[in-house]
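Trainee: I keep seeing labels attached to models, and I'd like to know what earns each one. Can we go through a case together?

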Amino acid sequence: PALRLCRSRPPAASTPHPAATPRPATPSLRDLNREISAHGRAGRLGAALAVLGRIEALERAGVVRRNVFTYNALVDACGRAGRVDLADRMLGEMKGRHGIEPDVVTINSAIKAGNVPHHPRKAAAAAAAAAA
């Protein structure tokens with residue numbers, strides 16, 4: 001009897017459940033940081049900065065908030081592209097505008113970019129100044 005009941009029911013509505021409808025996926029900050037790194041390693045600074053623009057849009061929407069890894073990738077990308085001026089601007093923005101403390105990777109990227117003298121004492125002083 002139960003089987004007959006199931007067969008006699010009309011077919012289910014073709015509208016999918018709201019939870020089953022696909023939504024455009026918002027990339028995680030980790031994925032966006034990885035994308036910046038990949039563009040930087042490939043020498044595509046413009047594409048890396050375009051990803052930063054996407055991060056800024058997501059920040060305005062309250063979805064993500066850039067972090068030290070974002071700036072590490074950006075400073076490295078700027079350095080690989082030979083844009084010391086832009087790497088310096090990113091370092092200033094990192095601490096001044098966003099209150100993000102540089103870490104060892106940030107300082108090493110800055111050294112590679114040419115922002116910090118290669119002399120160990122001068123590099124240590126510059127690292128201390130960046131952290132202050």
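What follows is a chat about the labels used for this predicted model.

Trainee: Let's start with the overall fold. How do you know that the chain is built from helices?

Mentor: The assignment gives seven helices and zero strands. Read from one end to the other, the pattern is α-α-α-α-α-α-α.

Trainee: And what share of the chain is buried?

Mentor: Of the 132 residues in the chain, 32% are buried. As for contacts with a separation of 6 or more, 59% of them link residues 24 or more positions apart.

Trainee: Take α4 and α5. Why is α4 called roughly antiparallel to α5?

Mentor: Helix α4 covers residues 68–80, helix α5 covers residues 84–96, and they pack at an angle of about 165°. The cut-off for roughly antiparallel is over 145 degrees, so α4 earns that label against α5. Their axes are 8 Å apart, and the crossing is left-handed.

Trainee: Which residues meet there, α4 against α5?

Mentor: On the α4 side you have Val68, Tyr71, Leu74, Val75 and Cys78; on the α5 side, Leu86, Ala87, Met90, Leu91, Glu93 and Met94. By class, that contact comes out as ten nonpolar, no polar and one charged. Glu counts as charged, so Glu93, listed on the α5 side, fills that slot.

Trainee: What makes α3 and α4 roughly antiparallel to each other?

Mentor: Put the angle next to the cut-off again. Helix α3, residues 45–60, packs with α4 at about 155°, with the axes 10 Å apart. Roughly antiparallel begins over 145 degrees, so α3 and α4 get the label too. Their crossing is left-handed.

Trainee: Which residues of α3 and α4 meet?

Mentor: Leu45, Ala48, Leu49, Leu52 and Ile55 of α3 meet Thr70, Leu74, Ala77 and Cys78 of α4. That divides into eight nonpolar, one polar and no charged.

Trainee: Now α2 and α4. Why is α2 described as roughly parallel to α4?

Mentor: The angle between α2 and α4 is about 10°, with the axes 8 Å apart. Under 35 degrees counts as roughly parallel, so that's what α2 is to α4. The contact is made by Leu29, Asn33, Ile36, Ser37, Gly40 and Arg41 of α2, and by Phe69, Thr70, Ala73, Leu74, Ala77 and Arg80 of α4. The split here is six nonpolar, four polar and two charged.

Trainee: Asn33 is on that list. Is Asn33 buried or exposed?

Mentor: Asn33 sits in helix α2, residues 29–41. The relative accessible area of Asn33 is 8%, and buried means under 20%, so Asn33 counts as buried.

Trainee: What does Asn33 touch?

Mentor: Skipping neighbours within four places in sequence, Asn33 is in contact with Ile55, Asn67, Phe69, Thr70 and Ala73. Asn33 and Thr70 are 37 residues apart in sequence, yet their C-alpha atoms are 5.3 Å apart in space.

Trainee: What makes the link between Asn33 and Asn67 a polar contact?

Mentor: The distance joining the two side chains is 3.4 Å. The limit for a pair of N or O atoms is within 3.5 Å, and the Asn33–Asn67 value falls inside that limit.

Trainee: His39 is in α2 as well. Why is His39 called buried?

Mentor: His39 has a relative accessible area of 14%; with the cut-off at under 20%, His39 is therefore buried. Not counting residues up to four places away in sequence, His39 touches Arg44, Ala47, Ala48 and Val51.

Trainee: And what makes Arg89 exposed?

Mentor: Arg89 lies in helix α5, and its relative accessibility is 54%. Exposed means over 50%, so Arg89 counts as exposed. Arg89 is also 14 residues from Val75 in sequence and 9.1 Å away in space, C-alpha to C-alpha.

Trainee: Last one: how do you know that Asp103 caps α6?

Mentor: A side-chain oxygen of Asp103 lies 3.1 Å from the backbone nitrogen of Val105, at the N-terminal end of α6. Set against the limit of within 3.5 Å, the Asp103–Val105 pair passes. The buried residues of α6, which spans residues 104–113, are Thr106, Ile107, Ser109, Ala110, Ile111 and Ala113. Just after α6, Gly114 takes a positive phi of about 100°.

Note on methods: Residues are numbered from 1 along each chain as its sequence is written. This is a predicted model: local features need pLDDT of at least 70, side-chain atom pairs count only at pLDDT 80 or more; totals for chains, interfaces and linings use all residues. Side-chain values use heavy atoms; hydrogens and water are left out. Axes are lines fitted to C-alpha atoms, for helices over the stretch in contact, and angles run from 0 to 180 degrees between N-to-C directions. Helices (H or I, at least four residues) and strands (E, at least two) are DSSP runs, numbered from the N terminus. Angles under 35 degrees count as roughly parallel, over 145 as roughly antiparallel, 65 to 115 as roughly perpendicular and the rest as oblique. A crossing is left-handed if the near helix is turned anticlockwise from the far one by less than a right angle, and right-handed if clockwise. Contact means heavy atoms within 4.5 Å. Buried means under 20% relative accessible area, exposed over 50%, partly exposed in between (1.4 Å probe, protein chains only). A polar contact is a pair of N or O atoms within 3.5 Å; within protein, one must be able to donate a hydrogen and the other to accept it, and residues adjacent in sequence count only if both atoms are side-chain atoms.
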